[in-house]
Amino acid sequence: MDVFYAYTYSTAAWFGIQAVPLMLSPKLIITALSTEARKPTVLEEYLCRSLAFALLTLAILTVLLTGTIPLSSSLAESEITADPSDPKAPYAVPTLTVTAAFHALTAFYSYMQYTRHGQIGFALSEIGSGFLASMGCWCLVFGTEKGRISKRTGADKRTSGWPFKNEEADRKKGKRL
């Protein structure tokens, strides 16, 4: 579950990194992404700061709803898992799904803006959000259920021989090829 914790904290950090400049200096962000030099309007500054507060709220909710920061005072509880039946974090998988979809949409939108305008800020957003989207999808696919690992061989029992045959295993078992 280390990847799950890394994804959760990385998502919160990415939201924070995006929120701080929007909150502290919206004029700088508006000027940097504007095609012509002009003074930003009051509405643009308001929307930048509102987006910053929304991103900080998402960061806090992501960390709390995934159970990364336990809301109980007991230290004896075991670690949080991304298993949907885990009673300690019932919203871990839905939160993981929503944040991974958000990162994927943000990466796609940033890519479209970068190809249209060619500004490096969009490329950086594309790289960061794309990485987190792929990490979130990895957690959804591989981290939400326990694998069926054989105690005797250590191999995953869900694998099959299609499209390639395991000739060595078939030979040991005495199966005909």
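This section describes the helical architecture of a predicted model and the packing of its helices.

The protein contains 6 helices and 0 strands. Along the sequence, the pattern reads α-α-α-α-α-α. Of the 177 residues in the protein, 31% are buried. The accessible surface amounts to about 12,300 Å². Carbon and sulfur atoms account for 65% of that surface. Contacts between residues at least 6 apart in sequence were also examined. Among these, 65% join residues at least 24 apart.

Helix α1 covers residues 2-24 and packs against α3, residues 42-65. The axes of α1 and α3 come within 8 Å and cross at roughly 160°. The angle is over 145 degrees, so α1 is roughly antiparallel to α3. The crossing of this pair, α1 and α3, is left-handed. On the α1 side, the residues that meet α3 include Thr8, Tyr9, Phe15, Leu22 and Met23. On the α3 side, the residues that meet α1 include Cys48, Arg49, Phe53, Leu56 and Val63. Small residues also take part in this α1–α3 interface, among them Gly16 and Ala19 of α1 and Ala52 and Ala59 of α3.

Threonine 8 is situated in helix α1. Its relative accessibility is 1%, so threonine 8 counts as buried. Beyond residues up to four places away in sequence, threonine 8 touches Thr62, Val63, Thr66 and Thr68. Of these partners, Thr62 and Val63 also appear among the α3 residues that meet α1.

Helix α1 also contacts α5, which spans residues 120-142. The axes of α1 and α5 come within 10 Å and cross at roughly 155°. The two helices α1 and α5 are therefore roughly antiparallel to each other. The crossing of α1 and α5 is left-handed. Residues of α1 that meet α5 include Val3, Phe4, Tyr7 and Trp14. Their counterparts in α5 include Leu124, Leu132, Met135 and Trp138. Thr11 and Gln18 of α1 are listed at the contact with α5 and also at the contact with α3.

The 23 residues of α5 should span 33 Å at 1.5 Å a residue. The end C-alpha atoms of α5 are 33 Å apart, which agrees. Buried residues of α5 include Phe122, Ala123, Leu132, Ala133 and Cys139. Gly128 and Gly136 of α5 are buried as well. The cover over the buried residues of α5 includes α1, α2 (26-33) and α4.

Helix α4 runs over residues 92-117. At 1.5 Å a residue, its 26 residues should span 38 Å. The end C-alpha atoms of α4 lie 37 Å apart, in agreement with that expectation. Among the buried residues of α4 are Val93, Leu96, Ala100, His103, Ala107 and Gln113. Buried threonines of α4 include Thr95, Thr99 and Thr106. The buried residues of α4 are covered by elements including α1, α3 and α5. Glycine 118 follows α4, and its phi is positive, near 75°.

Threonine 106 belongs to helix α4. With a relative accessible area of 19%, threonine 106 is buried, the cut-off being under 20%. Leaving aside residues up to four places away in sequence, threonine 106 touches Ser125 and Ser129. Both serines are among the buried residues of α5. Threonine 106 and glycine 128 are 22 residues apart in sequence. Their C-alpha atoms are 9.5 Å apart in space.

Notes. Residues are numbered from 1 along each chain as its sequence is written. This is a predicted model: local features need pLDDT of at least 70, side-chain atom pairs count only at pLDDT 80 or more; totals for chains, interfaces and linings use all residues. Side-chain values use heavy atoms; hydrogens and water are left out. Helices (H or I, at least four residues) and strands (E, at least two) are DSSP runs, numbered from the N terminus. The expected span of a helix is 1.5 Å times one less than its number of residues. Buried means under 20% relative accessible area, exposed over 50%, partly exposed in between (1.4 Å probe, protein chains only). Contact means heavy atoms within 4.5 Å. Accessible areas come from the Shrake-Rupley method with a 1.4 Å probe; for residues, only the protein chains shown count as cover. Axes are lines fitted to C-alpha atoms, for helices over the stretch in contact, and angles run from 0 to 180 degrees between N-to-C directions. Angles under 35 degrees count as roughly parallel, over 145 as roughly antiparallel, 65 to 115 as roughly perpendicular and the rest as oblique. A crossing is left-handed if the near helix is turned anticlockwise from the far one by less than a right angle, and right-handed if clockwise.
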